[in-house]
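Trainee: I would like a close look at one part of this model, the sheet and whatever surrounds it. Could you walk me through it at your own pace?

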Amino acid sequence: FPSHDTISTVSGTATTGITLISVTHSVGVVKTWLSGGKENNTYTITLLVTTTGGRVKQFEFQVRVKDT
């Protein structure tokens, strides 16, 4: 995004089996908090970011649960 176009809203979803607790943003950085899931399972997280200029971008990433 251009430097003058900042994040306005962000929302997210997660595949069944893991809980997306929250999605926040500050100064162009998006953070997600997750809970649950089963060890060695992989889950897809999808984020939808909208900017003050009306641009919309979808990001998708995967997380794998590992017990430490």
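Mentor: Gladly! Let's begin with the sheet itself: it is an open one of three strands, in the order β1-β4-β5, with antiparallel pairing. Strands β1 and β5 stand at the edges and have a single partner strand each, so one side of each is left without a neighbour in the sheet. From one strand to the next, the twist averages 20°, taken between axes that are lines fitted to C-alpha atoms (for helices over the stretch in contact), with angles from 0 to 180 degrees between N-to-C directions. Strands here are DSSP runs of E with at least two residues, and helices are runs of H or I with at least four, numbered from the N terminus. Two strands count as paired if DSSP finds at least two bridges between them.

A word on the ground rules. This is a predicted model, in which local features need pLDDT of at least 70 and side-chain atom pairs count only at pLDDT 80 or more, while totals for chains, interfaces and linings use all residues. Residues are numbered from 1 along each chain as its sequence is written, and side-chain values use heavy atoms, with hydrogens and water left out.

For the wider setting, the chain has zero helices and five strands, giving the pattern β-β-β-β-β along the sequence. Its C-alpha trace spans about 40 × 20 × 15 Å along the principal axes. Of its 68 residues, 21% count as buried, where buried means under 20% relative accessible area, exposed means over 50%, and partly exposed lies in between (1.4 Å probe, protein chains only).

Now to strand β4, residues 42-51. Seven of its ten residues are buried, so β4 is largely enclosed by the rest of the structure. On one side, seven bridges join β4 to the antiparallel strand β1, residues 7-14. Within that pairing, valine 10 stands opposite valine 49, and threonine 9 stands opposite threonine 50. On the other side, nine bridges join β4 to β5, residues 56-64, again antiparallel. Threonine 50 appears here too, standing opposite valine 56 in β5. Strands β4 and β5 form a hairpin with four residues between them, and glycine 54 in that turn has a positive phi of about 90°.

Stay with that turn for a moment, since aspartate 5 reaches it. Aspartate 5 is found in the segment before β1 and, at 7% relative accessibility, counts as buried. Its partner in a salt bridge is arginine 55, with the closest N and O atoms 2.6 Å apart. Because arginine 55 sits in the loop between β4 and β5 while aspartate 5 lies before β1, the pair ties together parts that are 50 residues apart in sequence. Arginine 55 itself is partly exposed, at a relative accessible area of 38%. The count comes to one salt bridge, by the rule that a side-chain nitrogen of Lys or Arg must be within 4 Å of a carboxyl oxygen of Asp or Glu.

Aspartate 5 has further partners. Its side chain makes a polar contact of 3.2 Å with the side chain of threonine 52, and a polar atom of the aspartate 5 side chain lies 2.6 Å from the backbone nitrogen of glycine 53. A polar contact is a pair of N or O atoms within 3.5 Å; within protein, one must be able to donate a hydrogen and the other to accept it, and residues adjacent in sequence count only if both atoms are side-chain atoms. Leaving out residues up to four places away in sequence, aspartate 5 touches Thr51, Thr52, Gly53 and Arg55, contact being heavy atoms within 4.5 Å.

Finally, the core. The largest nonpolar core has ten residues: Ile7, Val10, Ile18, Leu20, Val23, Tyr43, Ile45, Leu47, Val49 and Val65. Such a core is a set of buried Ala, Val, Leu, Ile, Met, Phe, Trp, Tyr and Cys residues joined through side-chain atoms within 4.5 Å. Strands β1, β2 (18-26) and β4 each supply at least two of its residues, and the largest share, four residues, comes from β4. Valine 10 is a good place to pause: setting aside neighbours within four places in sequence, valine 10 is in contact with Val23, Thr24, His25, Val30, Leu48 and Val49.
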